[in-house]
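Work through the exercises below with the sequence and the coordinates open beside you. Each task is followed by a solution that proceeds step by step.

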Amino acid sequence: MIVIISMISFFLDGILSRYILPNSLFLPLFTIVSLVIIYPYFNNSNFRYFKFIAIIGLLYDIAYYNTLFYNFFIFLILGFVIGLLNYLLSNNLYTNILITITSIIIYRIITFLFTIIFKSNMYSLFDLLKSIYSSLILNIIYCILIYLLTEFYSKKNNILRSK
């Protein structure tokens, strides 16, 4: 189930990115949402989780960013934050939405800082805020849908997940 959720999210990122304009209010970051959703299904095996998200980060780099190790490191940072927040909070829909929002904000801030430091283009704080709120709407809806589907499927098939 972990691989299926990640693959669906990965491919939906690519498909929707081709049809949604970059200045739209609905910017997909479904792969990051999938990192939040799949964490409990690793049953506190952080090594397996970090290994999995490192591979997803590399694939994301190669497929969508044409870079190497950029999203690899960002996904590892997000994995640490997701693991920490899951350790501190119980696992339910509201917590997953909160962790998704936090992960998207962190992803956008890291990307913004990287762009400012290493690119010649100047971006404003308004551009950062617009990218954050543009990413939240669609991804929260996706988080709710995937959470409910995985919750139903895991209960139906007795798939264990950490609480």
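The model is predicted, so local features need pLDDT of at least 70 and side-chain atom pairs count only at pLDDT 80 or more, whereas totals for chains, interfaces and linings use all residues. Residues are numbered from 1 along each chain as its sequence is written, and side-chain values use heavy atoms, with hydrogens and water left out.

**Exercise 1. Determine how many residues of helix H2 are buried, and what covers them.**

Step 1. Helix H2 spans residues 30–38 and is mostly covered, with 9 of its 9 residues buried; here buried means under 20% relative accessible area, exposed means over 50%, and partly exposed lies in between, with a 1.4 Å probe and protein chains only. Helices (H or I, at least four residues) and strands (E, at least two) are DSSP runs, numbered from the N terminus.

Step 2. The buried residues of H2 are Phe 30, Thr 31, Ile 32, Val 33, Ser 34, Leu 35, Val 36, Ile 37 and Ile 38.

Step 3. Their cover includes helix H1 (2–19), helix H3 (46–65), helix H4 (70–88), helix H5 (93–118) and H6, where contact means heavy atoms within 4.5 Å.

**Exercise 2. Trace what Ser 6 and Phe 10 touch beyond their sequence neighbours.**

Step 1. Ser 6 is found in helix H1, and Ser 6 is buried, with a relative accessible area of 3%.

Step 2. Not counting residues up to four places away in sequence, Ser 6 touches Ser 34, Ile 38, Phe 52 and Ile 56; of these partners, Ser 34 and Ile 38 are among the buried residues of H2.

Step 3. Phe 10 also lies in helix H1 and counts as buried at 12% relative accessibility. With the same exclusion of residues up to four places away, Phe 10 touches Thr 31, Ile 56, Leu 59, Tyr 60, Ala 63 and Tyr 64.

Step 4. From C-alpha to C-alpha, Phe 10 and Ile 53 are 12 Å apart in space, while 43 residues separate them in sequence.

**Exercise 3. Describe the largest nonpolar core and the helices that contribute to it.**

Step 1. A nonpolar core is a set of buried Ala, Val, Leu, Ile, Met, Phe, Trp, Tyr and Cys residues joined through side-chain atoms within 4.5 Å. The largest one has 41 residues, and those with the most contacts inside it are Ile 37, Ile 38, Tyr 49, Phe 75, Ile 82 and Tyr 107.

Step 2. The elements giving two or more residues to this core are H1, H2, H3, H4, H5 and H6, and the largest share, 8 residues, comes from H6.

Step 3. Take Ile 82 as an example: leaving aside neighbours within four places in sequence, Ile 82 is in contact with Leu 35, Val 36, Tyr 39, Tyr 49, Ile 99 and Ser 103.

**Exercise 4. Is Ile 97 buried or exposed, and which residues does it contact?**

Step 1. Ile 97 lies in helix H5 and is buried, with a relative accessible area of 16%.

Step 2. Apart from neighbours within four places in sequence, the contacts of Ile 97 are Ile 140, Cys 143 and Ile 144.

**Exercise 5. Find which residues form the salt bridge, and place it in helix H6.**

Step 1. A salt bridge is a side-chain nitrogen of Lys or Arg within 4 Å of a carboxyl oxygen of Asp or Glu, and a search of the whole structure finds 1.

Step 2. Glu 151 pairs with Lys 155 in this salt bridge, with the closest N and O atoms 3.5 Å apart.

Step 3. The two residues are separated by about one helical turn, because Glu 151 and Lys 155 are 4 residues apart in helix H6. Glu 151 is buried at a relative accessible area of 17%, whereas Lys 155 counts as exposed at 58% relative accessibility.

**Exercise 6. Summarise the fold and overall dimensions of the chain.**

Step 1. The chain contains 6 helices and 0 strands, which follow the pattern α-α-α-α-α-α along the sequence.

Step 2. The radius of gyration is 15 Å, close to the 15 Å that the globule rule gives for 163 residues, so the chain is as compact as a globular protein of that length; the radius is taken over C-alpha atoms, and the rule is 2.2 Å times the number of residues to the power 0.38.

Step 3. Along its principal axes the C-alpha trace spans about 50 × 30 × 30 Å, and buried residues make up 47% of the 163 residues.
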